[in-house]
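Thank you all for making the time this morning. I would like to walk you slowly through one model, and I will try to say at each step what part of the picture we are looking at.

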Amino acid sequence: MPGPDKRATTSEVVAELRSGMTIGVGGWGSRRKPMALIREILRSDLTDLTIVAYGGPDVGLLCRSGQATHVTSGFVSLDSIPLEPHYRAARQQGSITATELDEGMFLLGLQAAAWRLPFLPTRAGLGSDVPRMMPHLRTVTSPYQEPGSGECEELLAVPALRLDAAIVHQHRADASGNAVWLGEDPFMDDLMVRAADRAFVTTERIVPTESLRDGGVDLTHQGISRLDVTAVVETPNGAHFTECPPDYGRDEAFQRRYAATAKSDEAWDDFRAEFLDLDESGYQAKVAELSEVAR
Amino acid sequence: MSGARRADVCAVAIAEAFRGDGERLCNPIGNLPLIGGRLAAATFEPHLALTDGFYSLVDNVPPVGLDESERQAQRVVGSWNPYRSMFGLLWHGRRHVMMGATQVDRHGNQNIAAIGDWHQPRSQLLGFRGAPGNTINHTTSYWVPNHSPKVVVESVDVVCGIGYDRAAELGPVSARFHEVRRVVTNLCVFDFSASDDSGVPVLTLRSVHPGVTIDEVLEASGCEVVVPGEVPESRGPDQVEAAELERLDPGGLRFAEVPDQ
């Protein structure tokens, strides 16, 4: 039987979100971020958000707009521009609070939430300033003796990163939320949708279920099941300006333009007026215009 | 070879950090570390595995600085290694990473997260990234292209990669996989072969690069450094290594990172 029709628009998805929520954002750095939904959130009056991500411009934009008040991350970076300028400014001004985890701890937090466990143990983080700066992180003593020493090892207990909502971007999806990632890394999107009470998938293209593997897509790229998806939105070029290979690479020129908006309030206001106060089709038209000019 | 260029000496010193690693993932981060790591794999440590910089482990030794299509065309993929697999690999331990360090201290603690108080830093940097997990799980070395008292410090502002003092506090069971092997800088090579009064390993001068004096190293270091009775000069590349360096870095990225003195 086909799954239920869960197609929606970005504004319908944002209408389901509430101020104060903890929202997980898929992707990694400046790679395959659900930017069309981030832009819709930027146009909304949502506030007091906790953003949970391997962060990139998603985090930076929501810090700059003032809508994020807490960020939980494994890092925040634009990849080709190592330091995210707006996240950086927010941290230095103290306009947000932060939980900065080791990258692997972050994965375990998502996995714990996805498996409905309170925590997962790891050695990662022990001895570092992660638990010292974030004293809500606790250790747990193994109930088993370590074979060599006979000691019961102390490990860091990474708490579940439970999410009210997750937003992820996938290359293809069907109308009920079965989704396909292309490229070479699924990132943690499949864990993120399971870590969340409600999960919203944006996609380059909604296709019939029987066409999800068109073009020689391998079964192993069908990573997200409709069982874990609340709604699905078709957003062509929706990860722009982050990369979404093989559909498209990062728009480095646009990313540089974005990064430069940290230089002054005027630069940000201009960028916001030119690109963010438009709806998604207006934004995409602007972007198309820019790439025409560049050509 | 007395006329060796400084960047080549650094590349060889980086390569030497991976000597003896055998069959494990050699995972240097940054241009000169990549060049040095690949030099080791191309010469005296032929069983090292390398990454393609993204999502796979490769079994050949391609040059650095390739554009995306060339990078994909030239790699011989041994296995798929998306990020979640990389965490699995590093928790398993068969890896030696060489990371950068905004600060590194006497006991080998490393900071890439922030300058100042972490809670509201004077300068926000990368965050902890993978440094805590790396250092507690497998061998780690550091590359410092700009050796100065601001980088080599008495104690780092934020401990990301853990040093020998933090490892000692954890005890021998929790810290049994911890090893900070080398700190290679643009001036010298440190290891941790000497210990402080409590028996905790500390920065020890292993060699100085040609043209650098021990006093220069001490002046450029913001913490105490153990100087053994005899400090050899870091070696330059032999003929085979020199040819490999040209092949691995035909564009001379290494000279942009460490200019001639």
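What follows is a short tour of the contact between the chains, the core, two pairs of helices and two single residues.

Please keep in mind throughout that this is a predicted model, and that what I describe is computed from it.

Let me begin where the two chains touch. How many residues does each chain bring to the contact? Chain A gives 36 residues and chain B gives 34 residues. On the side of chain A that touches chain B, at least two residues come from each of β3 (68–76), α4 (85–93), α5 (103–114), α6 (129–133) and β7 (152–159) of chain A. If we sort the residues on that side of chain A by character, we find 14 nonpolar, 9 polar and 13 charged.

Now to the inside. In soluble globular proteins, nonpolar side chains tend to be buried together. In this model the largest nonpolar core has 147 residues, and those with the most contacts inside it are A:Ile51, A:Leu110, A:Ala166, A:Ala195, B:Ala11 and B:Ile14. Which helix supplies the largest share of this core? That is helix α1 (residues 6–17) of chain B, with 9 residues.

One of the core residues just named, B:Ala11, leads us on to the next topic. Apart from its neighbours within four places in sequence, B:Ala11 is in contact with B:Leu32, B:Ile35, B:Gly36, B:Leu39, B:Leu245 and B:Arg254.

Some of those names return in a pair of helices in chain B. Helix α2 (residues 31–42) of chain B and helix α8 (residues 239–248) of chain B have axes that come within 10 Å and cross at roughly 125°, and α2(B) and α8(B) are therefore oblique to each other. The crossing of α2(B) past α8(B) is right-handed. Where they meet, α2(B) brings B:Ile35, B:Arg38, B:Leu39 and B:Ala42, while α8(B) brings B:Glu241, B:Glu244, B:Leu245 and B:Leu248. The residues of this contact divide into 5 nonpolar, no polar and 3 charged.

Chain A offers a second pair. The axes of helix α3 (residues 57–64) of chain A and α4(A) come within 7 Å and cross at roughly 50°, and α3(A) and α4(A) are therefore oblique to each other. Here α3(A) passes α4(A) in a left-handed crossing. The contact is made by A:Val59, A:Gly60, A:Leu61, A:Cys63 and A:Arg64 from α3(A), together with A:Pro85, A:His86, A:Tyr87 and A:Ala90 from α4(A). These residues divide into 6 nonpolar, 2 polar and 1 charged.

Finally, two residues in loops of chain A. A:Gly29 sits in the loop between β1 (22–25) and α2 (35–42) of chain A. Is A:Gly29 buried or exposed? A:Gly29 is buried, because 27 other C-beta atoms lie within 10 Å, and 20 or more are needed for a residue to count as buried. A:Gly29 and A:Ser77 are 48 residues apart in sequence, yet 5.2 Å apart in space, C-alpha to C-alpha.

A:Leu278, in the loop between α9 (265–276) and α10 (280–294) of chain A, is partly exposed, because 15 other C-beta atoms lie within 10 Å. A:Leu278 and A:Arg43 are 235 residues apart in sequence and 8.5 Å apart in space, C-alpha to C-alpha. Leaving out neighbours within four places in sequence, A:Leu278 is in contact with A:Tyr283 and A:Lys286.

Key. Residues are numbered from 1 along each chain as its sequence is written. Chains are lettered from A and ligands numbered from 1 in the order in which they are written. This is a predicted model: local features need pLDDT of at least 70, side-chain atom pairs count only at pLDDT 80 or more; totals for chains, interfaces and linings use all residues. Axes are lines fitted to C-alpha atoms, for helices over the stretch in contact, and angles run from 0 to 180 degrees between N-to-C directions. Helices (H or I, at least four residues) and strands (E, at least two) are DSSP runs, numbered from the N terminus. Angles under 35 degrees count as roughly parallel, over 145 as roughly antiparallel, 65 to 115 as roughly perpendicular and the rest as oblique. A crossing is left-handed if the near helix is turned anticlockwise from the far one by less than a right angle, and right-handed if clockwise. Two residues are in contact if their C-beta atoms, placed from the backbone, lie within 7 Å. Ala, Val, Leu, Ile, Met, Phe, Trp, Tyr, Cys and Pro count as nonpolar, Asp, Glu, Lys and Arg as charged, and the others, Gly among them, as polar. A nonpolar core is a set of buried Ala, Val, Leu, Ile, Met, Phe, Trp, Tyr and Cys residues joined through C-beta atoms within 7 Å. A residue is buried if 20 or more other C-beta atoms lie within 10 Å of its own, exposed if 12 or fewer, and partly exposed in between; C-beta atoms are placed from the backbone.
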